[in-house]
Every structure is written in structure tokens, then in C-alpha cells.
Amino acid sequence: MSILSDHFLNIRAEIRRFLPAQPCVMCGSMSHDGLWCAACDAALPYLKAPHCPVCALPTPGGEVCGHCLAQPPLFTRTTAVFGYSFPLDKLIQSMKYAEQLALAHAFAKKLARAIDKSNLPDYVIAMPLHPAKLRERGFNQSLLLATTVARELNIPLLPDACRRLRNTPPQSSLPWKARKKNVRNAFSCGTDLGGKRVALVDDVLTTGASLNELAEAVAKAGAIQISAWVVARTLPHSELRTG
Ligand SMILES: [Zn+2]
Ligand SMILES: [Zn+2]
């Protein structure tokens, strides 16, 4: 796929949103309404294979995976729209580091469509960013995603319920085994969530260590059912699906 030229990394999506026509962020074609064209959408790595209902890892018949059986996370269901592979990985990085805020909006709408409407939570909570990182980046991509998802589904968002207490190195910079330790007790939740069902929103689920720590904080605050809603799930290489 000949995509992802420098131009789309540099153009501010928030400016382009107000233009009547904009090139597809992936191939530059003009024949579409949203941020990307139908052909590029069809080539995105949608997570279509049967997968573990708890963590969204593909399993042959959609049963709970071995990891979740051995060490069940504190969230009980995961909804993921995509596998975290090319070119979706580039789009997510662009959302986080190149201020492509319109991408967050587009991803959140996809995520809202993928959510099981028969069992919606009482609240939506975004993966918090440490204040120092927020100053550095200027925005919390998970909060942007959560804001749109909550609005699309008409569920209250609790933007200040949880805080990140420590400014830990990015999980993506660490080997998988070190990630659990890196985020241990990294979050606190000061809002009473007694008896409530909550959905935690993040951009990518890889080991699930951050989401599990955040789930622990909301469980301590009384939440009784915790779901993870993510745009993309990192998959073992052999599990990647496209189409
Ligand atoms: Zn395209
Ligand atoms: Zn699993």
C-alpha cells in the first residue's frame, strides 16, 4: 500500500476538518466523505476473527484465552475495533504524536459502533495521563476517544474520576515483562463508584497491564463490572487479519 506520505503527518487535522473536501489520510484520494476512503477502510486490520471475550486475543472458537484463564484481569470484557498493525499503528501514532485530533474522533465513532448495546455501563472513564505528560503532549488521546464514545452512546463520562499518580516511562518503551511492575499502583480513583458498571477507554491494549491497574483502582472505588474499550489490540504476528 503506497500510503502514509509525510503530508498527512504534518497537516493539522483540526484545520482540515473545516475544509469542504480533504484527501484520504492514507492514499490521498478525494473520493470519500470521512478522513479516509472506502478502499483504505477495507484494507484496515479490523479484528474480525473469533477472539477471547475478556482480552480480545484471537482464539479458535472465541473462547476465553489461556492467559485470561490463568490470570484473569480485573476487567471482564474487551471491545477492540482493530488489530494493532500497519497501517492502523501509523494512524494511532499520528493521533498521539502529530495532533491528528480528527483521527481520535473517527476512531471513537468506530469504537462506539462496535460496543455491545445490550449491556452498556453506567460511566465511561478514560485512561488518565500524568499531568507532566499532559503538559508535554497538550492533550490526552484516551480522553478524546472517551469523550466522543460517551457522547455517541449517551453515557456519562467521568473525566476527573481517576488520576495517574506516577509519571512512568511509556509502556511501549519497556519489555513486556517489565510493564506490569512499571504501572503497579500508578492510578487512584477518588470518586465513589459503588455498585456501578464502568468502561475504561484506551487507544491500544497490549499486555493489558495499564488497563488492569486502572481497573484495580476503579474496583477499589466500588465498581462492580469493568469493561475495556480500546481502538486496537496488539496481536501475536500470526494472528493478524486484514479485510
Ligand atoms: Zn484512501
Ligand atoms: Zn484473554
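Colleague: What is the relative accessible area of R77?
Modeller: This is a predicted model, in which local features need pLDDT of at least 70 and side-chain atom pairs pLDDT 80 or more, whereas totals for chains, interfaces and linings use all residues. Residues are numbered from 1 along each chain as written, chains are lettered from A and ligands numbered from 1 in written order, and side-chain values use heavy atoms, without hydrogens or water. R77 counts as partly exposed (between buried, under 20%, and exposed, over 50%; 1.4 Å probe, protein chains only), because its relative accessible area is 25%.

Colleague: Which residue forms a salt bridge with R77?
Modeller: A salt bridge needs a Lys or Arg side-chain nitrogen within 4 Å of an Asp or Glu carboxyl oxygen, and the closest N and O atoms of R77 and its partner, D116, are 3.8 Å apart. R77 lies in strand β1 (residues 77-83) and D116 in the loop between α6 and β2 (123-126), so the pair ties together parts 39 residues apart in sequence; helices (H or I, at least four residues) and strands (E, at least two) are DSSP runs numbered from the N terminus. Because its relative accessible area is 37%, the partner is also partly exposed; this residue is D116.

Colleague: What geometry does the site of the zinc ion (ligand 1) have?
Modeller: Its protein donors (N, O or S within 2.8 Å, or 3.2 Å for Na, K and Ca) are the SG atoms of C24, C27, C37 and C40, at 2.3 to 2.4 Å. The angles among the 4 donor atoms are 104 to 120°, and four donors with all angles between 85 and 135 degrees make the site tetrahedral.

Key. Four donors count as tetrahedral if all angles lie between 85 and 135 degrees; four count as square planar and six as octahedral if opposite donors are over 155 degrees apart and all others between 65 and 115; anything else is irregular.
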